[in-house]
Structure formats: C-alpha cells, structure tokens
Amino acid sequence: MNPLLKLRLIGVVIAFAIYAVDQWVKWLMVAPLQLRQVRVIELLPFFDLRWTQNFGVSMGMFEADSFESRWILVGVTALIALVVTIWMFREKAFGDILGLSMILGGALGNIKDRYELGYVIDYADLHFGDFRPFLIFNVADAAITIGVLIILARAFFMRDKEEDEVDDLMQGKPADAAENTQ
C-alpha cells in the first residue's frame with residue numbers, strides 16, 4: 001500500500017474513533033448517568049459533569065435560536081467538515097493529517113448532535129472555584145481544540161520542507177540521503 005494512502009487512511013480511522021468515543025460518552029451522560037435530570041455530578045474539587053445544551057458554535061457564538069438558523073448552522077458546519085476532509089486528503093505530513101483528523105472527528109460528533117437534537121451536548125466542567133478557563137465542553141470540542149493547536153504549532157514551528165525532500169521521505173529515503181542528492 002502506498003505510504004501516503006496509509007497515512008490518510010489512519011487519519012480517517014482516527015476521525016471515526018474520535019466521533020465514536022464522543023457519541024459513546026454523550027450516550028453515557030444521557031442514559032446511564034442521567035445527567036440531564038441530575039444536572040450536576042461533582043467528581044473532583046475542580047471538575048464536574050454539568051448538563052449543558054449548546055445552541056451555538058465555539059464559545060456559544062452564532063446561537064441557532066430558530067429552526068432556520070439551526071439548519072444553516074448544520075449546513076455551514078457540514079461544509080467546514082467537508083473542507084477539512086479535502087484538506088486532510090491533500091496533506092502529506094502525518095502531523096497535519098493527525099490534526100485535521102481530530103478536527104474532523106470532533107466536528108462530525110457535534111454535527112450529529114445539532115442535526116438530531118438541535119443543540120450540542122456539553123458536560124465537562126473544569127473550574128477552579130468560580131474561575132472557568134474553558135466553557136463547558138465535550139470530547140468533540142477537546143478534539144477540535146487539540147487538532148487546531150497541532151495545525152497551528154506545525155504552521156508556526158515546523159520549517160518548510162522542499163517538495164522533493166517530502167517525496168523522498170514518503171518513498172522511504174532517509175532525510176540525510178535527500179539532502180545529499182542536492
């Protein structure tokens with residue numbers, strides 16, 4: 001199998017694994033733990049499970065407060081997921097594929113919630129007294145955030161490789177061999 005195709009397939013598997021874990025944990029919150037009815041389960045002095053219905057996107061922005069806006073939000077986020085998928089299949093470096101697959105898996109989990117429920121289930125509440133460094137979130141949100149951080153870190157801190165060096169690496173040639181051919 002082509003090494004690049006293998007990396008991209010690994011990215012798809014990671015995306016679907018994140019999607020599956022996100023949906024499983026949300027199911028745990030709704031069914032066995034009945035978080036919707038209980039509202040709050042205190043686990044640690046700085047971490048609770050707290051039922052939240054997020055009608056917006058990141059940090060509650062662009063709240064979908066009508067039937068039309070809900071479906072516009074579903075459509076826009078689905079379009080973004082499609083763009084991320086295309087971007088992931090064009091990447092050659094595993095670090096970029098990993099970051100994009102995390103974003104894709106998280107996006108799919110939140111899109112499913114919004115499509116089926118009209119809102120995203122959020123439950124993870126990290127707090128230090130009254131200070132909350134993050135809004136209440138879920139596995140999908142965490143995956144999206146980590147994926148974005150990976151993409152940003154790679155964009156800011158990784159030096160650009162020449163295309164022939166990347167191609168040589170994908171064909172199994174060591175990096176120093178690629179440099180000696182110049």
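Colleague: At what angle do helix α1 and helix α3 pack, and is α1 roughly parallel or antiparallel to α3?
Modeller: In this predicted model, where local features need pLDDT of at least 70, side-chain atom pairs count only at pLDDT 80 or more, and totals for chains, interfaces and linings use all residues, helices (DSSP runs of H or I, at least four residues) are numbered from the N terminus. Residues are numbered from 1 along each chain as its sequence is written, and side-chain values use heavy atoms, with hydrogens and water left out. The axes of α1 (residues 3–30) and α3 (residues 67–90), lines fitted to C-alpha atoms over the stretch in contact, lie 9 Å apart. The angle, taken from 0 to 180 degrees between N-to-C directions, is about 150°, and because angles over 145 degrees count as roughly antiparallel, α1 is roughly antiparallel to α3.

Colleague: Which residues of α3 do Arg8, Gly11 and Val12 in α1 meet?
Modeller: Contact means heavy atoms within 4.5 Å. On that criterion, Arg8, Gly11 and Val12 in α1 meet Met88, Phe89 and Arg90 in α3.

Colleague: Which element gives the largest share of the largest nonpolar core?
Modeller: A nonpolar core is a set of buried (under 20% relative accessible area, 1.4 Å probe, protein chains only) Ala, Val, Leu, Ile, Met, Phe, Trp, Tyr and Cys residues joined through side-chain atoms within 4.5 Å. The largest has 12 residues, including Leu7, Met88 and Ile111, and the elements giving two or more residues to this core are α1, α3 and α4 (94–117). The largest share, six residues, comes from α4.

Technical notes. Angles under 35 degrees count as roughly parallel, over 145 as roughly antiparallel, 65 to 115 as roughly perpendicular and the rest as oblique. Buried means under 20% relative accessible area, exposed over 50%, partly exposed in between (1.4 Å probe, protein chains only).
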